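Here is a short report for a reader new to this protein. Keep the model in view while reading.

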Amino acid sequence: MKKSLIFLPALFLLLALPGSELGAKVYIDIRSPSFRKFPVGIAPFQSAASTGQNMQLGERSTEILKNDLDLCGFFALITPSGPVEKDSPSATGLPPRGGQTPPAAEVEGVDFRPWASLGAEALVVGTASYREGVLTLEARLYDVVKKEMILGKRYIGEITDLSRMVHRFADEIVFALTGEQGFFQTKIIFVSQVGGFKELHLMDYDGRNVVQITNHKSIILSPRVSPDGTKVVFTSYKFGNPDLFLRDLRTGEEKRISSYPGLNISPAWSPDGKKIALTLSKDGNPEIYTMNPDGSGLIRLTNHPAIDVSPTWAPDGRRIAFVSSRGGNPQIYVMQADGQNIQ
């Protein structure tokens, strides 16, 4: 099952809470030889109302955030069963409903002592609520030692946005504490044979929110996502021949960009997204070509009686590696992006 990581922008509303966004400070140097996991406490996210659905939202939010922060490997998570009272201000650390900001003493009224005694140097608190068709997630990150807020966010969207909201805040935490971009909002695109056909599917990096995005009722192979994460190119037998298709992941628009007789396989995006390398057998033998993403500008790079397949671009876009049987057995060769100097 082929998988590729992509990034898609979130479509919910993001607001900074009052008093958030202190001056930038890196709490963790992940490249330091003396790096240690940074101890972060996570208070159970609370639900603003007492409905079963809201209680579930709080539990789900806490679990998603814990999974995110644990997976990145930067943090030692402290999640005691009950160091704070469930409905106390110290459990949420968030302003009351209605958008009014309470006095600074109340906003900073989180009781940091039980967390400090457990060794936490940062603390995450939050609430999740669903009212009149609107999901609201509020979350804050505190410096336990200095007893001040590092980061505060409010996300507003639909009920299906919960995991995306939590992933977004997890990314904010990683950036605030390390200065590095997180990966929790990335997506994985993959081929799965769920309904009897091999179709493209999309899911969150942690396996949540799986969505089928093609309906070719055929065999799909080798999805490759563009460098900007907005398009995917893949091979499909939709019309009987292994043709190359390009799909816009934002609009769903799809176009067949290479349908030469024979193989149209193993696409690979150039680092700048302006070219696609691929394998064609339109002249009877599998060879390496490049073309524009719309299928124009086809250029043949290899010309050998052997089989040449699986092109891959160098990070600088100046060379292409590929597999060839020209030496007898399949071996990896490298050439310039214009097909010259094969080695």
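## Pairing and confidence

Two strands count as paired if DSSP finds at least two bridges between them. With that in hand, residue I265 can be placed: I265 stands opposite T279 in β17.

The model is predicted. Its mean pLDDT is 86. Of the protein's residues, 82% reach 70 or more. Two stretches call for care. Residues 7-11 have a pLDDT below 50. Beyond near neighbours in sequence, residues 7-11 have 12 contacts in the model. Residues 82-107 also stay under 50 in pLDDT. For residues 82-107 the model has 51 contacts beyond four places in sequence.

## Strand β16 and its hairpin

Is strand β16 buried or exposed? Strand β16 covers residues 264-269, and 5 of its 6 residues are buried, so the strand is largely enclosed by the rest of the structure.

Strand β17 covers residues 276-280. It runs antiparallel to β16, and 4 bridges join the two strands. Between them, the hairpin has 6 residues. In this hairpin, G273 takes a positive phi near 75 degrees.

## The open sheet

Strands β16 and β17 belong to an open sheet of 4 strands. The order is β16-β17-β18-β19, and the pairing is antiparallel. Which strands form the edges? They are β16 and β19, the latter at 299-300. Each edge strand pairs on one side only.

## Helix α5

Helix α5 covers residues 162-178. How far apart are its end C-alpha atoms? They are 24 Å apart. At 1.5 Å a residue, the 17 residues of α5 should span 24 Å, so the model agrees with the expected span.

Burial is the other point to check. In α5, 14 of the 17 residues are buried, so the helix is largely enclosed by the rest of the structure. Just after α5 comes G179, which takes a positive phi of about 80 degrees.

## Residue S47

Now turn to a single residue. S47 lies in strand β4, which covers residues 46-47. Why does S47 count as buried? Its relative accessible area is 16%, and buried means under 20%.

S47 can also be set against Y130. The two are 83 residues apart along the chain. Their C-alpha atoms are separated by 8.7 Å.

Note on methods. Residues numbered from 1 in each chain as written. Predicted model: local features only at pLDDT ≥ 70, side-chain atom pairs only at ≥ 80, totals over all residues. Heavy atoms only, no water. pLDDT = per-residue confidence, 0-100. Contact = heavy atoms within 4.5 Å. Buried < 20%, exposed > 50% of the residue type's maximum accessible area, 1.4 Å probe, protein only. Expected span 1.5 Å × (residues − 1).
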